[in-house]
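How do the chains of this assembly fit together, and what lies inside them? Please walk through the model below.

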6 protein chains.
Amino acid sequence: MRPSGRQANQLREVSITRQFTKHAEGSVLISFGDTQVICTATVEENVPSFLKGKGQGWVTAEYGMLPRSTNSRMKREAASGKQSGRTQEIQRLIGRSLRAVIDLVALGERQVIVDCDVIQADGGTRTASITGAFVAVHDALSQLVSKGQLASLPLKDHVAAISVGVADGKPVLDLDYVEDSACDTDMNVVMTGSGKFVEIQGTAEGEAFSREEMNELLDLAGAGIAELIQKQKAALGIA
Amino acid sequence: MRPSGRQANQLREVSITRQFTKHAEGSVLISFGDTQVICTATVEENVPSFLKGKGQGWVTAEYGMLPRSTNSRMKREAASGKQSGRTQEIQRLIGRSLRAVIDLVALGERQVIVDCDVIQADGGTRTASITGAFVAVHDALSQLVSKGQLASLPLKDHVAAISVGVADGKPVLDLDYVEDSACDTDMNVVMTGSGKFVEIQGTAEGEAFSREEMNELLDLAGAGIAELIQKQKAALGIA
Amino acid sequence: MRPSGRQANQLREVSITRQFTKHAEGSVLISFGDTQVICTATVEENVPSFLKGKGQGWVTAEYGMLPRSTNSRMKREAASGKQSGRTQEIQRLIGRSLRAVIDLVALGERQVIVDCDVIQADGGTRTASITGAFVAVHDALSQLVSKGQLASLPLKDHVAAISVGVADGKPVLDLDYVEDSACDTDMNVVMTGSGKFVEIQGTAEGEAFSREEMNELLDLAGAGIAELIQKQKAALGIA
Amino acid sequence: MRPSGRQANQLREVSITRQFTKHAEGSVLISFGDTQVICTATVEENVPSFLKGKGQGWVTAEYGMLPRSTNSRMKREAASGKQSGRTQEIQRLIGRSLRAVIDLVALGERQVIVDCDVIQADGGTRTASITGAFVAVHDALSQLVSKGQLASLPLKDHVAAISVGVADGKPVLDLDYVEDSACDTDMNVVMTGSGKFVEIQGTAEGEAFSREEMNELLDLAGAGIAELIQKQKAALGIA
Amino acid sequence: MRPSGRQANQLREVSITRQFTKHAEGSVLISFGDTQVICTATVEENVPSFLKGKGQGWVTAEYGMLPRSTNSRMKREAASGKQSGRTQEIQRLIGRSLRAVIDLVALGERQVIVDCDVIQADGGTRTASITGAFVAVHDALSQLVSKGQLASLPLKDHVAAISVGVADGKPVLDLDYVEDSACDTDMNVVMTGSGKFVEIQGTAEGEAFSREEMNELLDLAGAGIAELIQKQKAALGIA
Amino acid sequence: MRPSGRQANQLREVSITRQFTKHAEGSVLISFGDTQVICTATVEENVPSFLKGKGQGWVTAEYGMLPRSTNSRMKREAASGKQSGRTQEIQRLIGRSLRAVIDLVALGERQVIVDCDVIQADGGTRTASITGAFVAVHDALSQLVSKGQLASLPLKDHVAAISVGVADGKPVLDLDYVEDSACDTDMNVVMTGSGKFVEIQGTAEGEAFSREEMNELLDLAGAGIAELIQKQKAALGIA
């Protein structure tokens, strides 16, 4: 029995609310259980300087946590004057994951900037961020299509992410904070709608893990991501 | 007629949601129309070093805006590596406003850290922050009382804030973004439940303003703040 | 009786020395009693990027204190690597105050950069800075006129500033450090030569203040600023 | 045929030189082909503050590249005033990898600080760093044993790392810079002497990769790491 | 003939004003011609951590230039967020020069912090700073003696500094800005009252200089410094 | 007898290895005894903005120490977020020394960036850096000549550097760390192949030094530098 009472292969309750705030081209509130992240997608008609004149667009992401999204208050990164290594790792991961399913040439010379801000954290903030960010980007790109700035959505596939881990010696899906703190192995998996891998990041600070454990974890992750992509489609009305 | 169709002395719709997130001792979502701010209050059993052993507590505040809380995306302060002068002004203002109604000696050697994070901005983010932060602090202090750590609430009064300004030549209450951008004079007023002033910050980048205009503005502000304090009491169930 | 022996409505001795240093287009040493500030005005034939091609100029200000301008040594901001929130508040206030009386379109596409550096502090450094900076700017602009770069002074009015406060329960003008540290209410008022308000910043960290107290404070401030503007005119030889 | 003429499952030439510099408790120059990294291990008789009094030690790592270790000169991070996100990711990875095989309780209340500085880069700097750092740490810990400060080596296993990737559609081992720049999938694998996984970081910025491709990559990595661990043992004279 | 009309071995007019500002234990305004520097000495009853419990004191210095002390405005270092390499070099030089003549053991466990702030620059700001700082330190130490905190002045000698250079092919003393900008060799010499060297920093960005030129420069410097030390003594009333 | 057993006028063993790393246009490993520095020279076809269109080139240098190049580990400057004053002094010195012998007009509108990274330190890192950097620059410029981008080497002379000091009351050449830590006077001398001075930096934190001592030190330095320049020529095959 998991601390939350869930089955080993059971996701937390997932909800995806579109148009959560009014200014952004795409704005989504996503919840994985008690983890809540606001994901916005901003379209800007320019590209970073390393892409000027290269005939393609760019997608990038920034990530942050409200100081009291966590159980004890974290320092505000704006006040300490820098983003932590963890924050940078996560925002780079979100950006790469989204770029894997976006046709940057079809996007044209513009960029999409994604902001993922965690307002309540209970484990899995990076996977919720990626899963919600895809929906926000989808909305922002749809707006470009409906305004006639793009002929069709420059998307190659869906992308979503989930964590898996070995807790109390057995593989489980979608770790919450209690499980995450206690588990030996923690793996974040990012996959497309067609079941291919975009990113795998597995870490064993405790006991190293075997090839067999990894296979079990990837099976769990694949099934969980398929569910998440169904939820993205339902939220987008394209199920 | 104001752009929003409101009367000169009319507040925007105000809503105050307590227990908005689960980790903080006090957590409030406050809206002044389309302006939405998450205000959390954290209690820590320590004081800043300049107060060690002085037999009193402290209340301080930090403020931030999500990058896409605004119409065009703002740079993330954590990424640029510093808080702007505007951010620092606002968070200092929030802290002073709260300290004016809290009995720091009765609070004991602990501090309350308030975080005001704007998730959607449409003018008046600092006044909404102060008004919501008071409720979050009230909840955090009430928890200390209910746990027996304080005998009674160390509060001397309520505190709330509102903006007033001269727009199109006439004084109006609670400016939204459209009015704020166009107005000559912008004044933020912070007052207590007993109708005394805690802070007044009036600025004329356009036309300087007369003593008469200021008197009219203060009349508007006083009435508006009385309304806001009623809403705080209703939210807290102490109306 | 005030600690300094002054009457409630009495300014400290004010002196204004023009051409204090030789390089700047305007250079003023202003004293409010023991508070001494060097105010320089620099003219640059460019504008900040947000004003490029907008057909107008800009006026901005920076503020600093020598480390030992104060009773105990302050950290040098250049060494700590950032300007404090207080410094930023003050320099923004100085800039806004000056812009309120300068015709930025008539100034043309150039900027005036004001530097206010406190060499000795005894309360009221920001009000002395504003009052002295106006004279420095006047000198810098006069030089543009005498060189034929401007047809006439792009000034709409004078501007000066003074502090008022409630000390020992009674309103007083132009607080020195001893009064400032002890007073309940501290208000900085910036006004034009025609007696209109440019900025009002009133703060009650101690006891909140009533509308009546505020009115008394504004009366004191108005009379004090009228005196200061006379002294500016005398210094400029336009009395 | 690979650009370097190597077989798909062939490592570059690996050399490990111990006692490379004289001050550090462990100092290793490791080469993976043209990639050369100096790895030093420093023992300090203290622990980070979050571990004070917890009865265990710590191992941490820092990583850097000499500005001209690369084909075109990189900015010196000390001059730009911050470490890039990539640098932080890599140094966190090195630290976690080492901690996975070190018995932190047996280490006692001391820390080992590893510095990996790339003097010449040709792909695979992070995997060479981990592989060389293990040898440097082994030397540093051996010194503690020979001085009688530890009864035995607090090591649970060996650890080494290698990159694998899909280049030109086929899985290859130990990518050099040319292959790394061109490949679709890049995976860094960290494993123990007993063939278990410590870290897996796979990324597809180009085409997403299938479960089958991943299995092939992991087979390649496993064999490569077994070879690297043999080379570590040979260098340490414990083969 | 030099641009200023001075003889090759002639100092600019030197003035030394003690008690220039009121808060510091020592406060001096020193002028070398148009170069004007405020030098203050602060006594603090503590030492830097590397000297805790070592039974000796410390003397350190910080240096800055007001933005408009120069002909065209320099960026304010507090605003750019760091001190330039030049600033750091100069403040380290001032500190070392003072420490060379102060008996740090006799000073006891306290530190003297010197601040040299240039309000008007015309070449030679570092040499004026050292020469003025000695007088400020002398005053601060005298105050410790007169308060009974020290039995006698912990000074081993006087110290002063001057620049020399090769301008238009001939050695000259005390370069002003015009000469400094044009000269081939620039040397700053710091000497004691007994004519010994504390620091020599000679630089040839243009033509390298010969041993003979150096000897001539040192002769000039020696005579100049003897004059400066007479002026220090006159200012201190110990001539 | 010196701690190292050397004669007063004896250099440590000097070795100069060219083509030490493969990417840089010039790459040298230089050793002065146990002090080892990697010096690379990078040619970029641009100039700093202050030289744009001035018809000349530029040479600049950066310096760093690996954290464990020293006996106890130094903080990594990239991690602390700034270069120390010492680092900045040294890199400015290296740059000036090289510029003194390079014909910047003949170099054309390009810049040479030198990186000196200390991998093992035992005193004299700045003098080894200058001496090795000259060889690296020579190689980089030779490559421009051999590629036909320059008609001839834009070099006016050789340049090398050595330290001298007064240890145990007698002048000695090329101080190692043990002597450097204990000596009263420490002087770094930079000279050309024709025996002229480029830089002299002498410091007495202990006892001030006399003119006679300085003359002896300069004699030692001159002879040492002549030897170093012979070694540069031998390494370059132009002896």
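What follows goes from the pairing of two chains to salt bridges, then to the buried interior.

This is a predicted model. Start with chain A and chain B. A rotation of 180 degrees, with 0.0 Å of shift along its axis, lays chain A onto chain B. The RMSD of that fit is 0.0 Å. The two copies are therefore related as by a two-fold rotation axis. Which surface does each copy use? Of the interface residues of chain A, 100% are also interface residues in chain B, so the copies meet through the same surface. Each side is counted separately: 37 residues come from chain A and 37 residues from chain B.

The size of an interface is often given as the accessible area lost when the parts come together. For chain A and chain B, about 2900 Å² is buried. Carbon and sulfur atoms give 49% of that area.

Now look at the charged and polar pairs across this interface. The rule finds 14 salt bridges between chain A and chain B. One of the salt bridges in the model joins Lys22(B) to Asp34(A), at 2.8 Å from N to O. Polar contacts across the interface of chain A and chain B come to 24 residue pairs, both residues being at pLDDT 80 or more. Which elements of chain A carry the contact? Those giving two or more residues to the side that touches chain B are β3 (35–44), β4 (58–65), α1 (77–80) and β5 (111–120). β5(A) gives the most, with 6 residues.

Strand β5 of chain B also takes part in a salt bridge between the chains. Arg76(A) and Asp115(B) meet through their side chains at 2.7 Å, N to O. Arg76(A) sits in the loop between β4 and α1 of chain A, while Asp115(B) lies in strand β5 (residues 111–120) of chain B. Are these two residues buried or exposed? The cut-off for buried is under 20% relative accessible area. Arg76(A) has 8% relative accessibility, so it counts as buried. Asp115(B) has 1%, so it too counts as buried.

Over all chains, the count of salt bridges comes to 108. Turn next to chain E and chain C. Arg68(E) forms a salt bridge with Glu25(C), with the closest N and O atoms 2.8 Å apart. This pair also crosses between chains. Arg68(E) is in the loop between β4 (58–65) and α1 (77–80) of chain E. Glu25(C) is in the loop between β1 (14–18) and β2 (26–32) of chain C. Both residues, Arg68(E) and Glu25(C), are buried.

Not every pair of chains is in contact. Chain A and chain E do not touch, and their nearest C-alpha atoms are 12 Å apart. Chain B and chain E do not touch either; here the nearest C-alpha atoms are 10 Å apart.

Salt bridges also act within a chain. In chain F, the side chains of Glu179(F) and Arg2(F) meet at 2.7 Å, N to O. The pair links distant parts of the chain, 177 residues apart. Glu179(F) belongs to helix α5 (residues 177–182), and Arg2(F) to the segment before β1 (14–18). Glu179(F) and Arg2(F) are both buried. In chain A, salt bridges that share partners join Arg2(A), Arg6(A), Arg12(A), Asp122(A), Asp174(A), Asp176(A) and Glu179(A) into one network.

Finally, go inside. In soluble globular proteins, nonpolar side chains tend to be buried together. The largest nonpolar core here has 137 residues. Which of them touch the most other members? They are Leu98(E) and Leu98(F). Beyond its neighbours within four places in sequence, Leu98(E) contacts Val59(E), Val114(E), Ala133(E), Phe134(E), Val137(E) and Val159(E).

Phe134(E) and Val159(E) appear again around Gln232(E). Gln232(E) is in helix α6 (residues 211–236) of chain E. Its relative accessible area is 0%, so Gln232(E) is buried. Outside four places in sequence, the contacts of Gln232(E) also include Ile16(E), Thr131(E), Val135(E), His158(E) and Ala160(E).

Chain F offers another buried polar residue, Thr87(F). Thr87(F) lies in helix α2 (residues 85–99) of chain F. At 4% relative accessibility, Thr87(F) counts as buried. Setting aside residues up to four places away in sequence, Thr87(F) touches Tyr63(F) and Glu77(F).

Methods: Residues numbered from 1 in each chain as written. Chains lettered and ligands numbered in written order. Predicted model: local features only at pLDDT ≥ 70, side-chain atom pairs only at ≥ 80, totals over all residues. Heavy atoms only, no water. Least-squares fit on C-alpha atoms with pLDDT ≥ 70 in both. Contact = heavy atoms within 4.5 Å. Core = buried A, V, L, I, M, F, W, Y, C linked by side-chain atoms within 4.5 Å. Buried < 20%, exposed > 50% of the residue type's maximum accessible area, 1.4 Å probe, protein only. Buried area = accessible area lost by both parts, 1.4 Å probe. Salt bridge = Lys/Arg side-chain N within 4 Å of Asp/Glu carboxyl O. Polar contact = N/O pair within 3.5 Å; in protein donor to acceptor, adjacent residues only side chain to side chain. Helix = DSSP H or I, 4+ residues; strand = E, 2+ residues; numbered from the N terminus.
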